[in-house]
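Me: I would like to learn how to read a protein model feature by feature. Could you walk me through one?

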Amino acid sequence: MSDFIAALPMYDWPEMRDEVDAQWARLRTAFRQLGIDAPETLARRNAELPPVPGGIRNAGGETIAPDPATLSPEELDLPTLWRHPKLLFGQTCWGPMEITGLDAAVRVIGQPNYDGIEGGRGELYSSAIVVQRGSVTADHAHAPDGDVPLIPLDLIRDKRFAFNSHDSMSGFIGISRDLAGLGEGLRIFSDRIESGGHRNSIVAVAEGRADVAAIDCQSWALAQRFEPAARDVMVLGWTAKRKGLPFITSRSTPEGVAVLLGQIAAARG
């Protein structure tokens, strides 16, 4: 049994489990061919994370995450997962990397490829700005070819904004920076409602509990496949393109192993 753990939680919707498992099987095979002791399955629960008595600590001895054994076993605490010293291969968002200090605990080893997804191009992605269908007079907004945002300020002003979390680049930070670049800011919205997830934001907009949300392009593509509420929302604009959700490994991972992981991630991202 491998001492390492792996997780791909960012697009691991229940309906996507078989596809995500297949993605990991391909990566696992490639890693093992290079002599890396990759785990058989992905971790999806705190109970599947090895315990760290006393909590996870940084190089200075400061506690940066709790012992997974002290957490609810059936849930998955992403900040703890990302900081776990046994994390061989995972995926995170640039928001936590930039604003919660996650970059001190992990190293980036690759970027996914968003080709073939509207709003994506290579390692870059953008977020669809969605509203309830019929709530505004506008046509579906196709993603711009370039990297600049397409934000209809007049149609989102004084609306209630749903977002997944404060540290999300795709759902909160990115649109905030785009609005600032247009001389505006999150103050343009009459209210801000934290939903806990992109899928929850879509449902909130569809049900009229919120008016607008920014949904990363891959989550939007998944919603159109699996979330019935997506039929009741439409795309009004797009945020600027930015680097997509990076693949990471713990800074405890040996340097040589991290290099090999990066080579595989680059070839298969």
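Reply: Gladly; we will go from the overall shape to the sheet, the core, the cysteines and a few local details. Please keep in mind that this is a predicted model.

Me: Let's begin with the whole chain. How many helices and strands are there in the protein chain?

Reply: The protein chain has 8 helices and 13 strands. Along the principal axes, its C-alpha atoms fill a box of roughly 55 × 35 × 35 Å.

Me: What does the radius of gyration of the protein chain tell me?

Reply: The idea is to set the value beside what a compact globule of that length would have. For 269 residues that would be near 18 Å, and the protein chain has 19 Å, so the two agree. Contacts add to this picture: among those with a separation of 6 or more, 74% join residues 24 or more positions apart.

Me: And how much of the protein chain is buried?

Reply: Of its 269 residues, 51% count as buried. The area that the protein chain exposes is about 12200 Å², with 49% of it supplied by carbon and sulfur atoms.

Me: Now the strands. Which strands does β13 pair with, and in which sense, parallel or antiparallel?

Reply: To read a sheet, take one strand and look for its partners. Strand β13 covers residues 247-250. Strand β4 (residues 87-91) is joined to β13 by 2 bridges, and the two run antiparallel. Strand β5 (residues 106-110) also pairs with β13 in the antiparallel sense, over 4 bridges.

Me: Which residues should I click on to see those bridges?

Reply: For β4, start with Gln91, whose bridge partner in β13 is Phe247, and then find Gly90 opposite Ile248. For β5, look at Val108, which has Ile248 as its bridge partner in β13.

Me: What is the sense of the pairing between β1 and β4, parallel or antiparallel?

Reply: Strand β1 (residues 5-6) runs parallel to β4, with 2 bridges between them. Ile5 has Leu87 as its bridge partner there.

Me: Are the residues of these strands buried or exposed?

Reply: In β4, 5 of its 5 residues are buried. In β13, Phe247 and Thr249 point one way while Ile248 and Ser250 point the other way, and all are buried.

Me: How do I find the middle of the nonpolar core?

Reply: Look for the residues with the most contacts inside it. The largest nonpolar core here has 79 residues, and Trp24, Phe31, Phe89, Leu179, Phe189 and Trp220 are those with the most contacts inside it.

Me: Which residues is Phe89 in contact with, beyond its neighbours within four places in sequence?

Reply: The contacts of Phe89 include Ile5, Trp24, Phe31, Ile109, Phe247 and Ile248. Phe247 and Ile248 are the β13 residues that point opposite ways.

Me: How many disulfides are there?

Reply: In general, a disulfide is a covalent bond between the sulfur atoms of two cysteines. A search of the whole structure finds 0 disulfides. Cys93 is in none, and its nearest cysteine sulfur, that of Cys217, is 13 Å away.

Me: Why is Cys217 not bonded to Cys93?

Reply: The 13 Å between their sulfurs is too far for a bond. As for burial, Cys93 counts as buried because its relative accessibility is 7%, and Cys217 is buried at 1%.

Me: What is around Cys93?

Reply: One of its contacts is Ser168, which also touches Ile173 and His198. Ser168 lies in the loop between β8 and α5 and is buried, with a relative accessible area of 5%.

Me: How should I read a helix such as α6?

Reply: Ask how much of the helix is covered, and by what. In α6 (residues 198-206), 7 of its 9 residues are buried, including His198 and Ile202. The buried residues of α6 pack against β7, β8, α5, β10, α7 and β11. After α6 comes Gly208, with a positive phi near 80°.

Me: Where does a residue other than glycine have a positive phi?

Reply: Most residues other than glycine have a negative phi. Asp158 has a positive phi, near 65°. Asp158 sits in the loop between α4 and β8 and is exposed, with a relative accessible area of 57%.

Terms used
Residues numbered from 1 in each chain as written. Predicted model: local features only at pLDDT ≥ 70, side-chain atom pairs only at ≥ 80, totals over all residues. Heavy atoms only, no water. Disulfide = S-S within 2.5 Å. Buried < 20%, exposed > 50% of the residue type's maximum accessible area, 1.4 Å probe, protein only. Core = buried A, V, L, I, M, F, W, Y, C linked by side-chain atoms within 4.5 Å. Contact = heavy atoms within 4.5 Å. Rg over C-alpha atoms; globule rule 2.2 N^0.38 Å. Areas by Shrake-Rupley, 256 points an atom, 1.4 Å probe, with all protein chains shown as cover. Pairing = 2+ DSSP bridges.
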